[in-house]
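Thanks, everyone, for making time this morning. I would like to take you through one structure, with the sequence beside it, and then stop for discussion.

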Amino acid sequence: MEITAVRGFNDVLPGDTEVWRHIEDNAFRVFSSYGFSEIKVPIAEKTELFLRSIGATTDIVEKEMYTFTDRHGDSLTLRPEGTAPVVRAYIEHKLYTNPVSKLYYSGPMFRYERPQKGRYRQFYQIGAEILGDPSPRADAEALQMLMRLFEEINVRGAELNINSLGDAHCRPAYKERLKNYLSGVKDRLCDNCLRRIDANPLRALDCKSPGCIEATHDAPSIVESLCAPCAVHFDKVREHLGLSGIEATVNPRMVRGLDYYTRTTFEITSAGLGSQNAIAAGGRYDGLVEELGGPATPCFGFAIGIERVALIIKEGGVYRKPLAVFIALGAEAEKKGIELLKAWRDRGIRIVEDFSDGSLKSRMKRADRAGARYAVILGEDELKSGTVTVKDMKSAGQEKVAWDLAPDRIAIG
Ligand code: HAM
């Protein structure tokens, strides 16, 4: 019997892997230019780490974790997200001896959710965390970096929604007010929200059930319940976003599915993805490092869902195709081709060789299907004159170019 992949766990095949590489390469480049360094953390952690960071009454911890007992009898969990492992590593390796750490990571995460378009049980995130910076400018700069990345990789129509969830001073009072309000509309809430009224009343604001949406319509707003320092922080974030020309919509009903957030939270959505339309999300988590046993350290971070961004880029048709396909005609040209291709690739030209036989016409068709902008042909004539024929697949124009000038001709167009 045929063995297939586990439901919700996907293969990423050629054609898609180029898009993924395009996203990751650009993210790493942009994040590096903002002073971030890469960190690699394990795929499995002690289960307790996620219980203590994500929160015992969240969907992730209540029903989505891949938890198992290893041969030693320890309870391990496949990471459902990257922030808690990064914070664990930050404390364990005393990275807090640096005033500020800016870290990024990329890799698979695991949540037992119902699979659908854009939602999988193994999915990939690229995340970034700033540890040790309390300033609202850090929040705004991270958001600006993210929007810049989306612009550079042609993710159009990304919309930024922001909120503030307050902190240990103002959130408890808000929670009480919300609890009182929810108690008054109890009979209209779904079972899940009803059960969580005491432990996690904020989740009701985010519940998708029509009864809860209606019942919470007039619920008190968190943004109007912030203490003065949280309100100032939130104003400053918005001010800095404005100065960077970034539009943000304040959505006081946006609460996150993880409990560690304080103050600024955000989600970036993109139309065209259906219900799973968040392509990146995150926020500030000023209490988490201390909660997990480290020194008090204000932090801000986010994670991007690679599958969702890849879907958008593919639908937009903009991704990394080969710039040129090289076609050698005859054994001598093939030999010379090895040397030329090496020199051109050393100069960063994205060129692939067509190894097929057949007529020049059929090989040109293959180059076109690969999505290449140019076909570069080396035949007998060209060998003699030290040139290649560069054919523009869009305009169909062609010209002979000397070997050492060919990379510039292709790169500049
Ligand atoms: P999150 O909102 O749970 O946040 O996930 C971030 C992004 O990962 C989502 O916006 C979405 O694009 C993607 N994602 C989440 N679940 C799935 C899924 N089942 N299938 C496909 N994509 C998914 C976090 O994980 C936080 N750690 C973000 C953060 C970093 N906050 C502070 N630092």
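I will speak about a pair of helices, then about the nonpolar cores, and finally about one exposed residue.

Please keep in mind throughout that what you are looking at is a predicted model.

Let me begin with helix 2, residues 47-54, and helix 4, residues 83-92, whose axes come within 10 Å and cross at roughly 105 degrees. Because angles of 65 to 115 degrees count as roughly perpendicular, that is the description that applies to helix 2 relative to helix 4. On the helix 2 side the contact is made by Leu49, Phe50 and Ser53, while helix 4 contributes Ala84, Pro85 and Arg88. Sorted by class, this contact of helix 2 with helix 4 consists of four nonpolar residues, one polar and one charged.

Turning to the interior, the largest nonpolar core has 92 residues, and the members that touch the most others in it are Phe31, Phe150 and Ile304. Helix 5, residues 136-152, supplies the largest share of this core, namely nine residues. If we look at Ile304 and leave aside residues up to four places away in sequence, its contacts include Phe31, Tyr124, Leu146, Phe150, Ile279 and Val309. Apart from that core lies another one, of 18 residues, with Val376, Val388, Val390 and Val401 among them.

Finally, what about Asp191, in helix 7, residues 191-195: is this residue buried or exposed? Asp191 counts as exposed, because its relative accessibility is 65%, and exposed means over 50%. From Asp191 to Ala333 there are 142 residues in sequence, and the C-alpha to C-alpha separation in space is 72 Å.

How values were computed. Residues numbered from 1 in each chain as written. Predicted model: local features only at pLDDT ≥ 70, side-chain atom pairs only at ≥ 80, totals over all residues. Heavy atoms only, no water. Axes fitted to C-alpha atoms, helices over the stretch in contact; angles between N-to-C directions. Helix = DSSP H or I, 4+ residues; strand = E, 2+ residues; numbered from the N terminus. Parallel < 35°, antiparallel > 145°, perpendicular 65-115°, else oblique. Contact = heavy atoms within 4.5 Å. Nonpolar A, V, L, I, M, F, W, Y, C, P; charged D, E, K, R; others polar. Core = buried A, V, L, I, M, F, W, Y, C linked by side-chain atoms within 4.5 Å. Buried < 20%, exposed > 50% of the residue type's maximum accessible area, 1.4 Å probe, protein only.
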